[in-house]
Amino acid sequence: MESDIKVSICCLTYNHEKYIEKTLNGFLMQRVDFKYEIIVHDDASTDSTAEIVRSFEKKHPDVLHGIYQSENQYSKAVNIHKQFTLPKLKGKYIALCEGDDYWTDPYKLQKQVDALENNTDCFFCVHRVAETKEDGTKTGVLFPQSNLHTGKIDSTDFLQMTCAYSFQTSSYLFDGDRWRDYQMNPPSFIEVCPVGDEAYMLYFGEIGKIYYIEDIMSSYRRGVPASWSKIQNSGDVWKKKVTHYKKMAETMRLFDDYTKHKYHKICKKRELYYLKTVWLLEGTMRTSFREYSYDILSTLPLKYIVVLLGAAVFPKLSQKLYIKRLQNISEKNGY
């Protein structure tokens with residue numbers, strides 16, 4: 001796409017009145033030697049988020065542009081990027097950041113653009129991200145938690161790392177043409193995947209090398225009321241988790257087919273990881289272990305096999321213990 005805009009920053013926001021100013025200021029503080037634009041999509045917020053975005057748009061009309069919905073599009077299962085943001089984004093590169101997260105390094109975009117410009121075999125750049133509580137207090141958690149060094153990551157290593165959700169959305173910078181193709185012509189695994197971040201990492205992790213920058217350049221807020229994680233951990237939590245992990249298992253099967261089984265071992269291991277959560281939550285480990293015994297014994301590490309064998313012998317007890325464990329994790333994470 002020909003344009004004098006080098007980077008399009010895309011921000012999706014909904015009921016983020018407490019956070020959106022910090023997010024927008026993080027965009028506007030960027031020190032770069034190129035032009036960039038900020039596209040903010042407000043999904044019919046019921047608080048003052050839209051008004052705050054409009055006030056920023058008035059102050060920075062050449063840089064910041066808002067898209068304002070009168071009805072919530074997410075609840076209608078509309079592909080917001082495909083329908084609304086993609087037609088507005090002119091940049092050679094696309095950067096993402098949700099309206100409750102924020103950038104902390106004024107040179108973030110310059111560093112990432114330089115990385116992709118100088119490494120043409122990379123179509124995706126990520127960096128380290130610090131986690132905070134909703135009020136901005138640091139938790140000490142980093143994404144990724146492993147001490148990687150700045151440089152290229154090949155596809156196999158990257159896809160193995162994403163098992164633990166190592167790379168957070170506020171760090172994403174994409175090749176624009178590849179991102180547009182991703183939105184307009186999504187493979188089947190993308191449409192099944194229940195988490196957009198996971199689908200991004202699978203797709204872009206496969207098409208080329210990934211450039212990683214070890215600098216901490218943004219923050220992710222945990223426990224925000226309108227966030228996907230908070231919603232998933234409210235209401236009928238266990239039913240939601242079972243549905244989620246079944247979809248993730250299907251995603252890995254479809255991704256395995258999409259890549260013509262190039263990463264079969266990684267895909268199978270991740271599929272079984274998701275399925276074992278379903279079996280534990282449903283208390284069906286005994287019958288499931290029999291059905292998948294070959295895959296379990298040939299794919300998973302010994303420590304997992306021992307746990308699953310124990311759950312096969314005592315499925316109901318294992319179900320109760322596993323649910324209690326997940327409850328403790330949710331409480332610890334502020335859900």
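Leu275 is buried, its relative accessible area being 9%, and this residue of helix H11 offers a starting point for a walk through what is a predicted model. Once residues up to four places away in sequence are set aside, Leu275 touches Ala249, Arg253 and Tyr292. Of these partners, Tyr292 stands 17 residues from Leu275 in sequence, and the C-alpha atoms of the two are 10.0 Å apart in space.

Lys268 also belongs to helix H11, and because its relative accessibility of 14% falls under the 20% limit, this lysine counts as buried. Its contacts, leaving aside neighbours within four places in sequence, are with Asp295 and Thr299.

From these single residues one can turn to the packing of the helix that carries them. Two packed helices are described by the angle between their axes and the distance between the axes. Helix H11, which spans residues 264-282, packs against helix H15, residues 315-332, at an angle of about 110°, and the two axes are 7 Å apart. Since angles of 65 to 115 degrees count as roughly perpendicular, H11 is roughly perpendicular to H15. On the H11 side the contact is made by Lys276, Thr277, Leu280, Leu281 and Glu282, while H15 contributes Lys316, Ser318, Gln319, Tyr322, Ile323 and Leu326. Sorted by character, the residues of this contact between H11 and H15 comprise 5 nonpolar, 3 polar and 3 charged.

A second helix pair is formed by H6, residues 176-184, and H8, residues 196-207, whose axes come within 12 Å and cross at roughly 125°. H6 and H8 are therefore oblique to each other, and H6 passes H8 in a right-handed crossing. In this contact Arg178, Trp179, Asp181, Tyr182 and Gln183 of H6 meet Gly196, Ala199, Tyr200, Tyr203, Phe204 and Ile207 of H8. The residues where H6 and H8 meet divide into 7 nonpolar, 2 polar and 2 charged.

Several loops hold backbone features that deserve separate attention. In the loop between helix H10 (237-258) and H11 lies His261, a residue other than glycine whose phi is nevertheless positive, near 65°. With a relative accessible area of 44%, His261 is partly exposed. Ala44, placed in the loop between strand S2 (35-42) and helix H2 (49-59), likewise is not a glycine and has a positive phi, of about 60°. Ala44, however, is buried, with a relative accessible area of 14%. A further backbone feature concerns the peptide bond from Phe143 to Pro144, which is cis, with omega near -5°; Pro144 is located in the loop between strand S7 (138-143) and strand S8 (151-153).

These local features can finally be set within the chain as a whole, which contains 15 helices and 10 strands. The radius of gyration of the chain is 21 Å, close to the 20 Å given by the globule rule for 335 residues, so the chain is as compact as a globular protein of that length. Taken along the principal axes, the C-alpha atoms fill a box of roughly 65 × 45 × 35 Å. Buried residues account for 52% of the 335 residues in the chain. Among contacts between residues at least 6 apart in sequence, 78% join residues at least 24 apart.

Note on methods
Residues are numbered from 1 along each chain as its sequence is written. This is a predicted model: local features need pLDDT of at least 70, side-chain atom pairs count only at pLDDT 80 or more; totals for chains, interfaces and linings use all residues. Side-chain values use heavy atoms; hydrogens and water are left out. Axes are lines fitted to C-alpha atoms, for helices over the stretch in contact, and angles run from 0 to 180 degrees between N-to-C directions. Helices (H or I, at least four residues) and strands (E, at least two) are DSSP runs, numbered from the N terminus. Angles under 35 degrees count as roughly parallel, over 145 as roughly antiparallel, 65 to 115 as roughly perpendicular and the rest as oblique. Contact means heavy atoms within 4.5 Å. Ala, Val, Leu, Ile, Met, Phe, Trp, Tyr, Cys and Pro count as nonpolar, Asp, Glu, Lys and Arg as charged, and the others, Gly among them, as polar. Buried means under 20% relative accessible area, exposed over 50%, partly exposed in between (1.4 Å probe, protein chains only). A crossing is left-handed if the near helix is turned anticlockwise from the far one by less than a right angle, and right-handed if clockwise. The radius of gyration is taken over C-alpha atoms; the globule rule is 2.2 Å times the number of residues to the power 0.38.
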